[in-house]
Amino acid sequence: MVQVGRSLPCISRVLILLACISLLCDEPSQAQSRTDIGGQAFLDYYYNFAAVQDNLEGQNGFTYRRLNLSARHTFSEDIFAFARLEANDSDIHTFVKDLYLYWAWNPSHSLRFGITSPPVFGVTENVWDYRSLEKTVLDLFGFVSSRDMGIRADGAILREDRLSYAVMFANNNSFRPETYRGKRVYGQLVARPGERFVLTLGGDYGKLQEPDPDMYGASAFAGYVTAKVRAGVETFIRQTGVRTSEGSEQAAGISTFASGWFSPQWGIVGRVDRV
């Protein structure tokens, strides 16, 4: 009896979510409904020819940097559900990287509910375009998680996406379950004054448990993209919410990068971060 009683809240949540999906879908036709499955893997073989520790010298084996399996189910032209499982070399466990329901309730506006990316460094990452080499600076230093669980809204303010917005209200606990009543709010404006230029201005604020101070940050980015050249500069300030003997921990930094292709086979890419 106790086990059943404890399971009722979870069951209620699932039933409510399924009911919402059913109402939004409005009985889509078989032609509209479909499921797409995909995946990605970066696999390595390593051999330690020399090491400071004797027991590591000669060690070798197969490993992976990243594995993921994704599925997208399209209910209609305006609604789809997306799920992605991932494992990487920093965590031996498979975890849920993405799990959300997307609804384009208007031609220019959409909602996402579930585990998804906050509107912080997505635009920067798209311009950088070399995630396989390195994360962007805010992601690299862990100032903002690449995922959070909550509700996100995106939309256009001006026509042709000259100016758009993205806001998110979330748990502030990445893809893990919520453990505290405090939440985190994200917001970002994206301007595209021309086909080659993109500008962003954003910030976030998170409420933490005492005695840690609340966390907040702001960032700005300017990018330039053509068929053969990419360049960008991002600057930020952060108050991380970590209490130290000298007060709260603060950080500021700047990241600049550029890449260019001389031919279909040859190119160059470089980046400098100062934090």
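**A walk around the charged and greasy spots**

Asp 154 is buried, with a relative accessible area of 17%. Keep in mind that this is a predicted model.

Visitor: Which strand does Asp 154 lie in?
Guide: Let's place Asp 154 by its surroundings. Leaving out residues up to four places away in sequence, Asp 154 touches Ser 108, His 109, Ser 110, Arg 112, Tyr 165 and Ala 166. As for the strand, residues 148–156 make up the one that holds Asp 154, and that is β6.

Visitor: Is Asp 154 buried or exposed?
Guide: The cut-off for buried is under 20% relative accessible area. Asp 154 has 17%, so the label is buried.

Visitor: Which side chain makes a polar contact with the side chain of Asp 154?
Guide: For this one, look at N and O atoms within 3.5 Å. The side chain of Asp 154 has such a contact at 2.9 Å, and the partner is Arg 152.

Visitor: How many salt bridges does the model have?
Guide: The rule asks for a side-chain nitrogen of Lys or Arg within 4 Å of a carboxyl oxygen of Asp or Glu. Glu 125 and Arg 131 pass, with their closest N and O atoms 3.7 Å apart. By this rule the salt bridge count is 16.

Visitor: How many residues apart are Asp 129 and Arg 230?
Guide: These two side chains meet in a salt bridge at 3.8 Å, N to O. Asp 129 sits in the loop between α2 (122–128) and α3 (137–140), while Arg 230 is in strand β11 (residues 229–244), so the pair links distant parts of the chain. Their separation along the chain, in residues, is 101.

Visitor: What is the N to O distance in the salt bridge of Arg 271 and Asp 273?
Guide: Both partners are partly exposed: Arg 271 has 23% relative accessibility, and Asp 273 has 29%. Their side chains meet in a salt bridge, with an N to O distance of 2.7 Å.

Visitor: Which residues do salt bridges with shared partners join into one network?
Guide: Here the link is a shared partner, so the salt bridges form one network. Its members are Arg 66, Glu 86 and Lys 97.

Visitor: What is the area of the nonpolar surface patch that includes Val 96?
Guide: Val 96 is in strand β4 (residues 91–106). A patch residue needs over 30% relative accessible area, and Val 96 has 31%, which counts as partly exposed. Together with Ile 37, Leu 69, Leu 85 and Leu 99, Val 96 makes a nonpolar surface patch of about 460 Å².

Notes. Residues numbered from 1 in each chain as written. Predicted model: local features only at pLDDT ≥ 70, side-chain atom pairs only at ≥ 80, totals over all residues. Heavy atoms only, no water. Patch = residues over 30% accessible without salt bridge, like charges linked within 9 Å, V, L, I, M, F, W, Y side chains within 5 Å. Areas by Shrake-Rupley, 256 points an atom, 1.4 Å probe, with all protein chains shown as cover. Helix = DSSP H or I, 4+ residues; strand = E, 2+ residues; numbered from the N terminus. Buried < 20%, exposed > 50% of the residue type's maximum accessible area, 1.4 Å probe, protein only. Polar contact = N/O pair within 3.5 Å; in protein donor to acceptor, adjacent residues only side chain to side chain. Contact = heavy atoms within 4.5 Å.
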